[in-house]
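Me: I would like to go through this structure by asking, for each label, what justifies it. Please set each value against its definition before you conclude.

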Amino acid sequence: MSDDQTPAEEFNEVADAAAEELLALRAENQALKDQVLRVAAEAENTKRRAEREANDARAYAIQKFGRDLLTVADTLARALASPHESADPVLKNFVVGMEMTEKALQAAFENNGLKKIDPAKGEKFDPHQHQAMMEQPSTEVAAGGVIQVLQPGYDLLGRLIRPAMVVVAA
């Protein structure tokens, strides 16, 4: 206690210092709470992002394999599209077996999320799913519509694997 201060003044001075220190500690406490909440939120976001990336990796792991199988499906479709009229029952049974194989392959694609993109004649050209291979004038289809599909496209769980190759009306 100083000589010119009364005990009440000294008490008020100590109380004011304690109040300031208490306010500073409360502010620091609030800042630390905010920091903990931000760190917890960032950790939760990181966890969700890692889960999403792991799910995407699992879902799209078959992407390259599926793309490689599309060549097989295309070859099979071309083989079945060629003329194969014959009276030979062995050849007829072979063709029926090939058709069944193609259907089973398409079913396997569908079961694993690989969907065929095969636009109908006249459907509007979609640059996100189609690749225009050529443009032709057409009296049957409006400009910008698909005239013919040269090769069907495929997407895997909403992600384009291969665009459908189409002829578009000019």
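Reply: Let us start with glutamate 44 and arginine 48, which both lie in helix 1 (residues 7-60) and are four residues apart, about one turn of the helix; helices here are DSSP runs of H or I with at least four residues, strands are runs of E with at least two, and both are numbered from the N terminus. This is a predicted model, in which local features need pLDDT of at least 70 and side-chain atom pairs count only at pLDDT 80 or more, while totals for chains, interfaces and linings use all residues. Residues are numbered from 1 along each chain as its sequence is written, and side-chain values use heavy atoms, with hydrogens and water left out.

Me: What makes the contact between the side chains of glutamate 44 and arginine 48 a salt bridge?

Reply: The term requires a side-chain nitrogen of Lys or Arg within 4 Å of a carboxyl oxygen of Asp or Glu. For glutamate 44 and arginine 48 the N to O distance is 3.7 Å, so the pair meets the 4 Å limit.

Me: Why is glutamate 44 called partly exposed?

Reply: Buried means under 20% relative accessible area and exposed means over 50%, with partly exposed in between, using a 1.4 Å probe and protein chains only. Glutamate 44 has 34% relative accessibility, so it falls in the middle class, and arginine 48, with a relative accessible area of 46%, is also partly exposed.

Me: How many salt bridges does a search of the whole structure find, and what is the distance between the closest N and O atoms of lysine 64 and aspartate 68?

Reply: The search of the whole structure finds five salt bridges, and the one between lysine 64 and aspartate 68 has its closest N and O atoms 3.2 Å apart. These two residues both lie in helix 2, separated by four residues, about one turn of the helix. Lysine 64 counts as exposed because its relative accessibility is 55%, whereas aspartate 68, at 43%, counts as partly exposed.

Me: How do you know that aspartate 74 and arginine 162 form a salt bridge, and which parts of the chain does the pair link?

Reply: The closest N and O atoms of aspartate 74 and arginine 162 are 2.6 Å apart, so this pair too satisfies the distance rule. It links distant parts of the chain, with aspartate 74 in helix 2 and arginine 162 in strand 5, 88 residues apart. Both aspartate 74 and arginine 162 are buried; for aspartate 74 the label follows from a relative accessibility of 8%. Contact means heavy atoms within 4.5 Å, and, not counting residues up to four places away in sequence, aspartate 74 touches Gln151 and Arg162.

Me: Why is the pair formed by the rings of phenylalanine 109 and tyrosine 154 classed as it is?

Reply: Rings of Phe, Tyr and Trp (its six-membered ring) pair if their centres lie within 6.5 Å, and planes under 30 degrees apart count as stacked, over 60 as edge-to-face and the rest as tilted. By this rule the count comes to one aromatic pair. Its rings, of phenylalanine 109 and tyrosine 154, have centres 5.7 Å apart and planes at 80 degrees, so the pair is edge-to-face. Phenylalanine 109 lies in helix 3 (residues 89-111) and tyrosine 154 in strand 4 (residues 153-156), so the pair ties together parts that are 45 residues apart in sequence. Both phenylalanine 109 and tyrosine 154 are buried.

Me: Why does histidine 130 count as buried, and which residues does it touch?

Reply: Histidine 130, whose place is in strand 2, has 4% relative accessibility and therefore counts as buried. Leaving out residues up to four places away in sequence, histidine 130 touches several others, among them Ile117, Val146 and Ala164. Alanine 164, in strand 6, is itself buried, with a relative accessible area of 0%.

Me: What is unusual about the phi of leucine 157?

Reply: Leucine 157 has a positive phi of about 50 degrees although it is not a glycine. This residue is found in the loop between strand 4 and strand 5 (159-162), and at a relative accessible area of 46% it is partly exposed.

Me: Which of the elements of the chain has the lowest mean pLDDT?

Reply: On pLDDT, the predictor's confidence in each residue from 0 to 100, helix 2 (residues 63-81) has the lowest mean, 88, and strand 6 (residues 164-169) the highest, 96. The chain averages 90, and 98% of the residues score at least 70.
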